Amino acid sequence: MIRIYNTLLTILGNQNWWPADTPFEVAIGALLTQQTRWNNVEKAILNLKDKSLMEPEKLANTDNETIEELIRCTGFYRQKAHRLIIMSEYFLLHGDAIFDRPVKELREDLLELKGVGEETADSIILYAANKPKFVIDAYTRKILNCLGISGSYSELQQIFEARLDEDVELFKEYHALIVEYGKQYCLKHRCEECVLIDIGKTLI
DNA sequence: TTCCCGAGAT
DNA sequence: ATCTCCGGAA
């Protein structure tokens, strides 16, 4: 698995995810980016910052309509506005102690929140809490499929976590590289140029 | 038209 | 397994 990482890093270079000033901003971005280009998420984040709303206390006490207008460019803005408030209340309720809790409990908490599925929960754990959880997204699934591997979310996650050192920075960069590779190669059907197939066969 | 750093309800 | 939420860029 580390060979694939090294190969991706050589081809694409360091991705340096996740651009954010605070853990809270990571969580907000994680909700906004669902089924949405990061480019549009950045606009929404800037809109929220311009109104000084990128804080749990502020956002939790802002009405739906105001938030909807600021994040409209991310699509699904009505449900997302509601979910941002719920996430804000969660941060507000637990304070900075959120990320001091065991990963298992944090993950269960996050999954209870509306709009937070496994991928979003793990993104927050990895990029906001800085804990080693490997994020599985659609591109990860697609690439593993090409290597002859399929399975549930947790099964695919185990494949990575069992074969890699528990290195937060490695997990962060690896997931980012997979997404970027997916955009550049998988999405554009550049399968004949894919460098992962031969590597993949030798290590599974 | 497709697709995006998906999740929830049915 | 399929549908809905939804705007914006290519």
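Guide: A quick rule to start: a residue is near a molecule or strand if one of its heavy atoms lies within 4 Å of it. This is a predicted model, where local features need pLDDT of at least 70, side-chain atom pairs count only at pLDDT 80 or more, and totals for chains, interfaces and linings use all residues. Residues are numbered from 1 along each chain as its sequence is written, chains are lettered from A and ligands numbered from 1 in the order written, and side-chain values use heavy atoms, without hydrogens or water.

Visitor: Thanks! Which residues are around DNA strand C?

Guide: Arg37, Asn40, Lys43, Arg72, Cys73, Gly75, Phe76, Tyr77, Arg78 and Gln79. By class, that surface has four charged, three polar and three nonpolar residues. Here Ala, Val, Leu, Ile, Met, Phe, Trp, Tyr, Cys and Pro count as nonpolar, Asp, Glu, Lys and Arg as charged, and the others, Gly among them, as polar.

Visitor: And what share of the strand C atoms within 4 Å of the protein belongs to sugar or phosphate?

Guide: Sugar or phosphate accounts for 59% of them, and bases for the rest.

Visitor: Which side chains have an N or O atom by a phosphate oxygen of strand C?

Guide: Arg78 does, at 2.8 Å, and so does Lys43, at 3.1 Å. Phe76 uses a backbone N or O atom instead, 3.1 Å from a sugar or linking oxygen of strand C. Between protein and DNA, a polar contact is a pair of N or O atoms within 3.5 Å. The elements giving two or more residues to this surface are helix 3 (38-50) and helix 6 (77-94); helix 6 has the largest share, with three residues.

Visitor: Let's switch to strand B. Which residues come nearest?

Guide: Of the 22 residues around DNA strand B, the nearest are Trp17, Gln35, Thr120, Tyr139 and Lys183. Gln35 has a side-chain N or O atom 2.6 Å from a base nitrogen of that strand.

Visitor: What about the backbone of Leu113 and Val116?

Guide: A backbone N or O atom of Leu113 lies 3.5 Å from a phosphate oxygen of strand B, and Val116 also has a backbone N or O atom 3.5 Å from a phosphate oxygen of that strand. Helix 6, helix 8 (118-127) and helix 11 (168-186) are the elements that give two or more residues to the surface near strand B. Helix 8 provides the largest share there, three residues.

Visitor: How does that surface split by class?

Guide: Eight residues are nonpolar, eight polar and six charged. Of the strand B atoms within 4 Å of the protein, 63% belong to sugar or phosphate and the rest to bases.

Visitor: New topic: how many disulfides?

Guide: The count is zero, taking a disulfide as a pair of cysteine sulfur atoms within 2.5 Å. Cys191 is in none, and the nearest cysteine sulfur, that of Cys146, is 5.9 Å away.

Visitor: Is Cys191 buried or exposed?

Guide: Exposed, with a relative accessible area of 56%, while Cys73 is partly exposed at 30%. The cut-offs are under 20% for buried, over 50% for exposed and partly exposed in between, with a 1.4 Å probe and protein chains only.

Visitor: And the overall fold: how many helices and strands are in chain A?

Guide: Twelve helices and zero strands, as DSSP runs numbered from the N terminus (helices are H or I, at least four residues; strands are E, at least two). Of the 204 residues of chain A, 47% count as buried. The C-alpha trace of chain A spans about 55 × 35 × 25 Å along its principal axes.

Notes
Polar contact = N/O pair within 3.5 Å; in protein donor to acceptor, adjacent residues only side chain to side chain.
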